[in-house]
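Please walk through this structure step by step, beginning with the aromatic side chains and ending with a sheet and its strands.

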Amino acid sequence: QVRLEESGGGLVRAGGSLRLSCAASGRTFTIGEWAWYRQALGKERELVASITDEGRTDYADSVKGRCTISRDSANDTVDLQMNNLQLDDTAVYLCNANSAPGFFRNAYWGQGTQVTVSS
């Protein structure tokens, strides 16, 4: 099992920045990919950014150039730096971890952290 706990959400004005952090514990050596998703009220959950254990990253078009995902394997954290936040970035942000090949297929989720962007 892998446990994920997000932190760093809050209220920020448009144009501001936030850094979200996801602390992982448990069998983190079984994880091959880490990601941040978000879900706005009344909308479907969407991928924001992902990073593999090899360091390959991927970003949603809506956040490219504004967000950076990073992984600290020594401390088992995955961070999401978000700059120039816009009203549309308001959502619950969830940390996700997916098993690496060779391990039993599992997807883990944190409880989420609220990000609210005001005008």
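Tryptophan 109 has a relative accessible area of 34% and is therefore partly exposed, in a model that is predicted. The charged end of arginine 45 sits over the ring of tryptophan 109, at 4.5 Å from the centre of that ring.

Aromatic rings also meet one another here, for the structure holds two aromatic pairs. In one of them, the ring centres of phenylalanine 29 and phenylalanine 103 are 5.9 Å apart and the planes stand at 70 degrees; because planes over 60 degrees apart count as edge-to-face, the pair of phenylalanine 29 and phenylalanine 103 is edge-to-face. This pair links distant parts of the chain, since phenylalanine 29 belongs to the loop between S3 and strand S4 (31-39), while phenylalanine 103 belongs to the loop between strand S9 (91-99) and strand S10 (107-109), 74 residues apart. Phenylalanine 29 has a relative accessibility of 54% and so counts as exposed, whereas phenylalanine 103, at 34%, counts as partly exposed.

Tyrosine 37 and tryptophan 109 form an aromatic pair that is edge-to-face, with 5.0 Å from centre to centre and 65 degrees between the planes. Because tyrosine 37 lies in strand S4 and tryptophan 109 in strand S10, the pair ties together parts that are 72 residues apart in sequence. Tyrosine 37 has a relative accessibility of 21%, and therefore counts as partly exposed.

From the side chains we can turn to the backbone, where four strands make up an open sheet in the order S1-S3-S8-S7, with antiparallel pairing. At its edges are strand S1 (2-7) and strand S7 (67-72), each of which pairs on one side only. Averaged over the sheet, and with direction ignored, neighbouring strands are turned by 15 degrees against each other.

How many bridges pair S1 with strand S3? There are six bridges between S1 and strand S3 (residues 18-26), and the two pair in the antiparallel sense; arginine 3, for its part, stands opposite serine 25 in S3.

On the side of the other edge strand, S7 is joined by six bridges to strand S8 (residues 77-82), and these two strands run antiparallel. Serine 70 has aspartate 79, in S8, as its bridge partner. S7 and S8 form a hairpin with four residues between them, and in the turn aspartate 76 has a positive phi of about 55 degrees.

Key: Residues are numbered from 1 along each chain as its sequence is written. This is a predicted model: local features need pLDDT of at least 70, side-chain atom pairs count only at pLDDT 80 or more; totals for chains, interfaces and linings use all residues. Side-chain values use heavy atoms; hydrogens and water are left out. Two strands pair if DSSP finds at least two bridges between them. Axes are lines fitted to C-alpha atoms, for helices over the stretch in contact, and angles run from 0 to 180 degrees between N-to-C directions. Rings of Phe, Tyr and Trp (its six-membered ring) pair if their centres lie within 6.5 Å; planes under 30 degrees apart count as stacked, over 60 as edge-to-face and the rest as tilted. Buried means under 20% relative accessible area, exposed over 50%, partly exposed in between (1.4 Å probe, protein chains only). A charge sits over a ring if NZ of Lys or CZ of Arg is within 6 Å of the ring centre and within 35 degrees of the ring normal.
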